[in-house]
Amino acid sequence: MCRRHLLAVLLSAAALAPLARAAEPVATIGGVTFDGRSQVGGQSLVLNGVGARAVAVFKAYVAALYLPRRAQTVEAIAAMPGAKRLQMRMFYDIPMAEFAKAFRQGVERNQTPEVQQRLADRVAAFGALVTTQEKARKGDTVNLDFVPGSGMQFWLNGKQIGAAIPGDDFYTALLHVFLGEHVADERLRAGLLGRAD
C-alpha cells in the first residue's frame, strides 16, 4: 500500500508541475509577454516591471527589469546586491551606433562630472562592444545583465557578445540611464519601476 501511495503522489506531482510553471506571474506589453522570473548568473530573479520606449508615436522596444526582489526606487535597486537583468525586445531595427550614443548621453545627463570621468573608459568600452553588431533588429532580444564578480554582460538573442564590463558602479550608471532623474522616457521609467498605471 505504501509503495502504491508513494507512486500516486509522485505521478500527481509530475502532472501538476507544468501547471505550476504556467502559473508563474507574467506581464504583457505591446503584445510581448515577459516571464515572471529569469535566471542570471545562477540566481533566480523576479520581474520588477515592464515598459515601452516610445519614439514619437511609435514603440521602439519594450523592456523588462528583473531583480533579486522588487523595488520601486533607483536608489534601492542600485544598493541591492546580486544579479540583475534589463531585457529589451525590439520593435524596429535600431542601429547600435545610435544605441551607444543614447547610452553615453544618458550617463552624461544622470551622473556628475566626477563619476563620468571615472566611468569614461568603460562607457567607451560599452560603445565599442555593442557596435560590434551593426543593428538590433526587429524581433531581437537584448539582455544587459549584471553578474556579481564579473560585471555587465551584453547578450543578443541568447548569445553573449564580447567580455563583461566590470564594476557595480558601471551597471548602476547603466540603470540610471533608464531609471534616473533625467531619462528620455518617463513612462518607460515608471513601468520598469513597477509604478505604471
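The following paragraphs lead through a predicted model of one protein chain, from its overall make-up to its cores, one helix and its salt bridges.

The chain has 197 residues, of which 43% count as buried, and its secondary structure comes to 6 helices and 11 strands. Among the contacts with a separation of 6 or more, 58% are made by residues 24 or more positions apart. The average pLDDT is 87, and 84% of the residues score at least 70. Residues 5–23 need separate treatment, since their pLDDT stays under 50 and the model gives them 0 contacts beyond four places in sequence. Where pLDDT is low, the predicted coordinates should not be read in detail.

The interior is a good place to begin. In soluble globular proteins, nonpolar side chains tend to be buried together. Here the largest nonpolar core has 44 residues, and those with the most contacts inside it are Phe126, Leu144 and Phe178. Helix H5, which covers residues 168–179, supplies the largest share of this core, with 8 residues. Apart from this core lies another one of 15 residues, which includes Phe34, Ala64, Tyr66 and Phe91.

Leu144 shows what the surroundings of one such core residue look like. Leaving aside residues up to four places away in sequence, Leu144 touches Lys84, Arg85, Leu86, Met88, Phe99, Phe126, Met152, Gln153, Phe154, Tyr171 and Leu174. Phe126, another of the residues with the most contacts inside the largest core, is thus among the residues that Leu144 touches.

Phe126 also belongs to helix H4, where the buried residues are Val115, Leu119, Arg122, Val123, Phe126, Gly127, Leu129 and Val130. These buried residues pack against helix H3 (96–110), strands S9, S10 (151–156) and S11 (159–165), and helix H5. H4 itself has 18 residues and reaches 24 Å from its first C-alpha to its last, close to the 26 Å expected at 1.5 Å a residue. The helix bends by about 55° at Leu119, and Leu119 is one of its buried residues.

Helices H4 and H5 are also joined through charged side chains, with Asp169 taking part in two salt bridges. With Arg122, the closest N and O atoms are 2.7 Å apart, and this pair links distant parts of the chain, Asp169 being in helix H5 and Arg122 in helix H4, 47 residues apart. With Arg118, the N to O distance is 3.5 Å; because Asp169 lies in helix H5 and Arg118 in helix H4 (residues 113–130), this pair ties together parts that are 51 residues apart in sequence. Asp169 counts as partly exposed at 27% relative accessibility, whereas Arg122, at 17%, counts as buried.

The count of salt bridges in the model comes to 6. Another of them joins Arg137 to Asp93, with the closest N and O atoms 3.8 Å apart. Arg137 lies in the loop between strand S8 (135–136) and strand S9 (141–147), and Asp93 in the loop between strand S6 (84–90) and strand S7 (94–95), so the pair ties together parts that are 44 residues apart in sequence. Both residues are partly exposed, Arg137 with a relative accessible area of 39% and Asp93 with one of 40%. Together with Glu134, these two residues are linked in a network of salt bridges.

Glu134 also appears among the contacts of Met96, a residue of helix H3 that is buried, with a relative accessible area of 3%. Not counting residues up to four places away in sequence, Met96 touches Val130, Thr131, Gln133, Glu134, Lys135, Ala136 and Phe154. Met96 and Val130 are 34 residues apart in sequence, yet their C-alpha atoms are 6.1 Å apart in space. Val130 is, in turn, one of the buried residues of H4.

A last point concerns the backbone in the loop between S10 and S11, where Asn157 lies. Most residues other than glycine have a negative phi, and most peptide bonds are trans. Asn157, however, has a phi near 50°, a positive value in a residue other than glycine. Asn157 is partly exposed, with a relative accessible area of 47%.

Methods
Residues numbered from 1 in each chain as written. Predicted model: local features only at pLDDT ≥ 70, side-chain atom pairs only at ≥ 80, totals over all residues. Heavy atoms only, no water. Core = buried A, V, L, I, M, F, W, Y, C linked by side-chain atoms within 4.5 Å. Buried < 20%, exposed > 50% of the residue type's maximum accessible area, 1.4 Å probe, protein only. Helix = DSSP H or I, 4+ residues; strand = E, 2+ residues; numbered from the N terminus. Contact = heavy atoms within 4.5 Å. Salt bridge = Lys/Arg side-chain N within 4 Å of Asp/Glu carboxyl O. Expected span 1.5 Å × (residues − 1). Bend = angle between axes of the 7 residues up to and from the residue. pLDDT = per-residue confidence, 0-100.
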